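Trainee: Got a minute to go through the side-chain contacts with me? I'd like to start with the charged ones.
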Amino acid sequence: MPDNQTATLYRMVLPDHTCPFGVRAKELLEQNGYDVEDRILSTRSDVDAFKEDQGVQTTPQIFIDGERVGGADDLEEYLSKQAAG
C-alpha cells in the first residue's frame, strides 16, 4: 500500500459524457490509498490534444511517480502487482 503517493489521472468529463473508465480509475486509486491529482479533460479538443501529445488512443491515462501506468485496465493490473508485493 502506498504511503501518501500521488497519482495523476487524466480523464474525460464532457458536458454530455463522463467516461466510466475514468470514474473507475479514480475510485481504484483512492481505494488503494493514492492522493489523486484529477486532471479533467472537459472538451473534445482537450481530449484529442492530450491523446496526440501522449501518443495514446484512449483516456483515462494514469501516471504514478511520473511514469505512465496506462489506462484503467493497466491500472488494475498495476495495483494487483503492487498488492502481491
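Mentor: Sure, start with Arg-24 and Asp-73: they form a salt bridge, with the closest N and O atoms 3.0 Å apart. The term means a side-chain nitrogen of Lys or Arg within 4 Å of a carboxyl oxygen of Asp or Glu. Keep in mind that this is a predicted model, where local features need pLDDT of at least 70 and side-chain atom pairs count only at pLDDT 80 or more, while totals for chains, interfaces and linings use all residues. Residues are numbered from 1 along each chain as its sequence is written, and side-chain values use heavy atoms, leaving out hydrogens and water.

Trainee: Where do Arg-24 and Asp-73 sit in the chain?
Mentor: Arg-24 is in helix 1 (residues 20–31) and Asp-73 in helix 3 (residues 72–84), so the pair links distant parts of the chain, 49 residues apart. Helices here are DSSP runs of H or I with at least four residues, strands are E runs of at least two, and both are numbered from the N terminus.

Trainee: Is Asp-73 buried or exposed?
Mentor: Exposed, as the relative accessible area of Asp-73 is 57%. Arg-24, at 26%, counts as partly exposed. The cut-offs are under 20% relative accessible area for buried and over 50% for exposed, with partly exposed in between (1.4 Å probe, protein chains only).

Trainee: Which residues are networked with Arg-24?
Mentor: Asp-73 and Glu-76; salt bridges link these two and Arg-24 in a network.

Trainee: How many salt bridges does the count come to?
Mentor: The count is 6. Among them is Lys-26 with Glu-30, at 3.2 Å from N to O. Those two are 4 residues apart in helix 1, which means about one helical turn between them. Another is Glu-77 with Lys-81, at 3.3 Å between the closest N and O atoms; both lie in helix 3.

Trainee: OK, switching to rings. How many aromatic pairs are there?
Mentor: The search of the whole structure finds 2. Rings of Phe, Tyr and Trp (its six-membered ring) pair if their centres lie within 6.5 Å; planes under 30 degrees apart are stacked, over 60 edge-to-face, the rest tilted.

Trainee: Why is the pair of Tyr-10 and Phe-50 stacked?
Mentor: Because their planes are at 20 degrees, with the centres 4.6 Å apart. Tyr-10 is in strand 1 (residues 6–14) and Phe-50 in helix 2 (residues 44–54). Both residues are buried.

Trainee: And what about Tyr-10 and Phe-63?
Mentor: That pair is edge-to-face, 5.7 Å centre to centre with 75 degrees between the planes. Phe-63 is in strand 4 (residues 61–64), 53 residues from Tyr-10. Ring pairs thus link Tyr-10, Phe-50 and Phe-63 into a cluster.
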